[in-house]
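Reader: I should be grateful for a close look at one part of this molecule, the aromatic side chains and their surroundings. Please place that part in the chain as a whole.

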Amino acid sequence: MQLVDNATFLKQLTALFELTKDSDKGTIWLTHKRLTHDGEDATMDDAKPDSKKEYPCLIRLTDGKNANFSTHVSPTDLQKFHTAYGSLLKASFTTLRKRDKKREKQRAEQLAKRKQRMAEPVVVDGPKRGNGRRKRQRKVKAAIRQAQAKERATKREEERAKAQISVS
């Protein structure tokens, strides 16, 4: 990761945005962090919320391949940097693709239909022998598959609930 000054960083960011705009493909990762490393090991005991110490901001830029740049922005220059950075982002975000809401809506409808089918019980009727026997067998199999799907769904919900409890 190459450490550059703020103006060079913004120029490199502009160049990366232009590169991705021309090819209509590409990804750029931007990270912002508070820079707290003073050269020695940091411990949690040293962190005091009442501290008036101001920390610089570390901003990183990468495209995942060639370009790896970072810059330190001091608290005094932060407002000026964010103004330039924000205007650059606003100008570059015009090339973003819009969400495909039609496909999302279609998937949501399919999921709703599946849930509705799972909630409706499969009625097994018809003769065990003679005409309609195969139709009855298909309904019995469908009822078994539906019961198995319900079991899988409840297990998934239980696992999700356990995962949320363990995360919390």
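How many helices and how many strands does the chain have? And how are the aromatic rings paired?

Author: The model is a predicted one. The chain has four helices and four strands, and read from the N terminus its elements follow the order β-α-β-β-β-α-α-α. There are 168 residues in the chain, and buried residues make up 17% of them. Of the contacts in the chain with a separation of 6 or more, 58% are between residues 24 or more positions apart.

The aromatic side chains may now be taken in turn. A pair of aromatic rings is described by the distance of the centres and the angle of the planes. The count for this chain comes to two aromatic pairs. In one of them, the ring centres of phenylalanine 9 and phenylalanine 81 are 6.3 Å apart and the planes stand at 45 degrees; the pair is therefore tilted, since stacked pairs need planes under 30 degrees apart and edge-to-face pairs need over 60. This pair links distant parts of the chain: phenylalanine 9 belongs to helix H1 (residues 6-23) and phenylalanine 81 to helix H2 (residues 78-92), with their positions 72 residues apart in the numbering. Both phenylalanine 9 and phenylalanine 81 are buried.

The other pair joins phenylalanine 81 to tyrosine 85, with ring centres 5.6 Å apart. Their planes are at 15 degrees, so this pair is stacked. Here both partners, phenylalanine 81 and tyrosine 85, lie in helix H2, four residues apart, which is about one turn of the helix. Tyrosine 85 is buried, as is phenylalanine 81. Phe9, Phe81 and Tyr85 together form one aromatic cluster.

The surface offers a counterpart to these buried rings. The accessible surface of the chain amounts to about 14400 Å², and carbon and sulfur atoms hold 51% of that area. A nonpolar patch on the surface is formed by Val122, Val124, Val140 and Ile144, which together have about 260 Å² of accessible area. Of these residues, isoleucine 144 is placed in helix H4 (residues 133-167). Isoleucine 144 counts as partly exposed because its relative accessibility is 46%, a value between the limits of 20% for buried and 50% for exposed.

Methods
Residues are numbered from 1 along each chain as its sequence is written. This is a predicted model: local features need pLDDT of at least 70, side-chain atom pairs count only at pLDDT 80 or more; totals for chains, interfaces and linings use all residues. Side-chain values use heavy atoms; hydrogens and water are left out. Patches are made of residues with over 30% relative accessible area and no salt bridge: like charges are joined within 9 Å, nonpolar side chains (Val, Leu, Ile, Met, Phe, Trp, Tyr) within 5 Å. Accessible areas come from the Shrake-Rupley method with a 1.4 Å probe; for residues, only the protein chains shown count as cover. A salt bridge is a side-chain nitrogen of Lys or Arg within 4 Å of a carboxyl oxygen of Asp or Glu. Helices (H or I, at least four residues) and strands (E, at least two) are DSSP runs, numbered from the N terminus. Buried means under 20% relative accessible area, exposed over 50%, partly exposed in between (1.4 Å probe, protein chains only). Contact means heavy atoms within 4.5 Å. Rings of Phe, Tyr and Trp (its six-membered ring) pair if their centres lie within 6.5 Å; planes under 30 degrees apart count as stacked, over 60 as edge-to-face and the rest as tilted.
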